[in-house]
Amino acid sequence: MPRKPTPPGKQRVRTGCLTCRKRRRKCDEQKPRCANCEVKGFPCKYGTDLAFVPPRSTDAGLGAGQVYGSITFVDDSPTAHAAAKEKSQQHDSDQSRRQSIISAAEPASRNGESARNPPSAAVYQHTSETRTMLNLHDMLTSDVPLEPHQSAAPYRPPTTTASQSPHDSRGSFSHGPQLPLRGQLAHSVTALLATNQETDLLRHFRYKICPWLDVGDPEGALGVQALLLSRTNRPIQAAVLALSASQRVLTADPTHMEDHDSAVRFGSEAEETLAFEADLVRSAGRALLLFQDLLQYGLQQWRDVLTPHIESLGFLLHPVAMQDELGEAIFWLHFRLDLATSILTAKRPLIQFRSYINRDGSPIQTPRPPLQSPSVNQVYKHALSLLGHCLSLIYGGPDASHPQSASSPSEFAAFSSLPQSRFLSQWTFLWSDCQRWYNERPVDAQQIVDVRGGEADKIDPNRDSALPILIYTTPMALVANVVYHITSLLLLGYKPRLLKSLPGPRCFTSHIWHAQSIAGIAASNESCEQWDPVLIASLLLVARDMTHQSQQSVLMGIFRQITATTGINLDRETETLQSGWKIARFDEDTDDMDT
């Protein structure tokens, strides 16, 4: 029996909402919600409209497997049609002009080719396609970088002349007279090698010199700021490259012997161009060049190099420059070098540091922050400031009241006790500041391992030097504690005679405790960032009184490690130490024979 057709009002559709189709109810297909769902409060959702297209055969035409490389948006406006028509006419005129030029040049080129090539010879014909080519030499030597949207110069096939063969013409450029292809490649390779060397030197500066200059401080401004400036400032970049090349010559293996010539070349370039830079940039570049010069000499000669540099710049920075991170970093680098030379030469500091920093190491021109826990960087600068006041006091520096600083012997003749009492008060105040610094250090600046005496030798059976084992969290905390110990040691060496006893633990007043702490800190840690010039000078000073041969052997190994890591030449200092140790042993043997 044939099936009756469904009346038009009873036909089911697939365009209703999903809820009505599931409930088998008629949907009025209103959107966004149909009437049934609106009345009943049901969620009303419509399915995705899908159109099923029959599969195409692979040979349906050219468009079946065609891949489009670009999309063109069609504009049917009259203005667009007029512009397209004008562009088409301009393209046709350019094509006709180009074809006429090629037709005029073909007879001459054919005559030249027939004169050079026999009829049977194979002739290489270039198509009229214009290819874009990047010239390696232009990329390396151009002052203006090639932007991503900027196209390079077009490369066109060269035309041969009567004096060239087809083989030679394939390697030449149609830019006028240039070097042969082999010469161009050699020049490009030379430029590429120079670029690679500069890249290696910048990498060496970033990972070997920057941490050392900034004492391992991740917020150190000098190394980071110098690298940032070198991106846009060629004089600073030349100074960075000169220092990096000089230091790598002194520390690396013989594979970098070309660095010696590079150091001289970059140094000369920096000297000539820094004079035209701003004051702060010029000071930063000269600071790097100063450090390059100091590496060539021992610490005993650093003061001779440092004195004309500081006096000629008088001193290089205005105190207002301390408000800038770079200016502050330049000051602290010079101040650390000045303190190191003062320790070894027993002379007052050259820099009038009281015009730049407060007693706690904060810049004078910068308002002090509210009371809070000081950072390791602030604690480190505070210790350096105390060391500067100590050296000025005991060696007769500016504003010091030590009798050595009197302008004439009879200046205090009427009041002979006045200089001694003033020195006593300043010494006591400075000693109290040092011990307060040690007792109030934050946890980040304290040692995490402190093993002394025979227990240290039990931990490491290979060592019998009896030097303590002192380990710190950061190189800056390590150096800050060394600065404290050398400051206390120097103050004890100039303790006023009228002062009988000092408060605090007895170890604080022991010369040996401070001296062995400095040697133990240097021997217990092996980071390259710890070799601050102040630490090296302090170690050389306390090494003079180290009479035990095992301790002397450890110290000589440390000095060799310093030279291999930093490049600082310590041959003269170590020879002086060994001579002093031999004399001390000879005196001990003589005393034993007398007894």
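Asp200 is partly exposed, with 32% relative accessible area, where partly exposed stands between buried (under 20% relative accessible area) and exposed (over 50%), taken with a 1.4 Å probe and protein chains only. The model is a predicted one, in which local features need pLDDT of at least 70 and side-chain atom pairs count only at pLDDT 80 or more, while totals for chains, interfaces and linings use all residues. Residues are numbered from 1 along each chain as its sequence is written, and side-chain values use heavy atoms, with hydrogens and water left out.

The side chain of Asp200 meets that of Arg203 in a salt bridge, with 2.8 Å from N to O; a salt bridge here is a side-chain nitrogen of Lys or Arg within 4 Å of a carboxyl oxygen of Asp or Glu. Arg203 is likewise partly exposed, at 44% relative accessibility. Both residues belong to helix α6 (residues 181-213), where they are 3 residues apart, about one turn of the helix. Helices (H or I, at least four residues) and strands (E, at least two) are DSSP runs, numbered from the N terminus. By that reckoning, the chain has 20 helices and 4 strands.

The structure holds 11 salt bridges. Another of them joins Arg282 to Asp279, with the closest N and O atoms 2.4 Å apart. This pair sits in helix α10 (residues 279-294), and here again the partners are 3 residues apart, about one turn of the helix. Arg282 is buried, at 18% relative accessible area, whereas Asp279 is exposed, at 55%.

A further salt bridge reaches across the sequence. Arg336 pairs with Asp532, and the closest N and O atoms are 2.9 Å apart. Arg336 lies in helix α12 (residues 325-345) and Asp532 in the loop between α17 (511-524) and α18 (533-543), so the bridge ties together parts that are 196 residues apart in sequence. Arg336 is buried, with a relative accessible area of 7%, and Asp532 is buried too, at 0%. Salt bridges that share partners also join Glu198, Arg234 and Glu269 into one network.

What else does Asp532 contact, leaving aside its neighbours within four places in sequence? With contact meaning heavy atoms within 4.5 Å, the list is Trp212, Val215, Arg336, Tyr380 and Val479. For the chain as a whole, among contacts between residues at least 6 apart in sequence, 68% join residues at least 24 apart.

Aromatic rings offer a second set of pairings. Rings of Phe, Tyr and Trp (its six-membered ring) pair if their centres lie within 6.5 Å; planes under 30 degrees apart count as stacked, over 60 as edge-to-face and the rest as tilted. By this rule the count comes to 13 aromatic pairs. One of them is the stacked pair of Phe331 and Tyr356, at 5.1 Å centre to centre and 25° between the planes. Phe331 belongs to helix α12 and Tyr356 to the loop between α12 and α13, so this pair ties together parts that are 25 residues apart in sequence. Both Phe331 and Tyr356 are buried. The rings of Trp427 and Trp431 are stacked as well, because their centres are 5.5 Å apart and their planes are at 5°. These two tryptophans lie in helix α14 (residues 417-439), 4 residues apart, about one turn of the helix, and both are buried. Ring pairs also link Phe331, Trp332, Phe335, Phe353 and Tyr356 into a cluster.

Charges sit over rings in places, a term for NZ of Lys or CZ of Arg within 6 Å of the ring centre and within 35 degrees of the ring normal. The charged end of Arg265 sits over the ring of Phe266, 4.7 Å from its centre. Arg441 lies over the face of Tyr438, at 4.0 Å from the ring centre.

Helix α13 (residues 376-394) has 19 residues, which at 1.5 Å a residue should span 27 Å, and its end C-alpha atoms are indeed 27 Å apart; the expected span is 1.5 Å times one less than the number of residues. Because 17 of its 19 residues are buried, α13 is largely enclosed by the rest of the structure. Gly396 follows α13 and has a positive phi, near 75°.

Over the whole chain of 595 residues, 38% count as buried. The chain exposes about 36000 Å², of which carbon and sulfur atoms supply 54%; accessible areas come from the Shrake-Rupley method with a 1.4 Å probe, and for residues only the protein chains shown count as cover.
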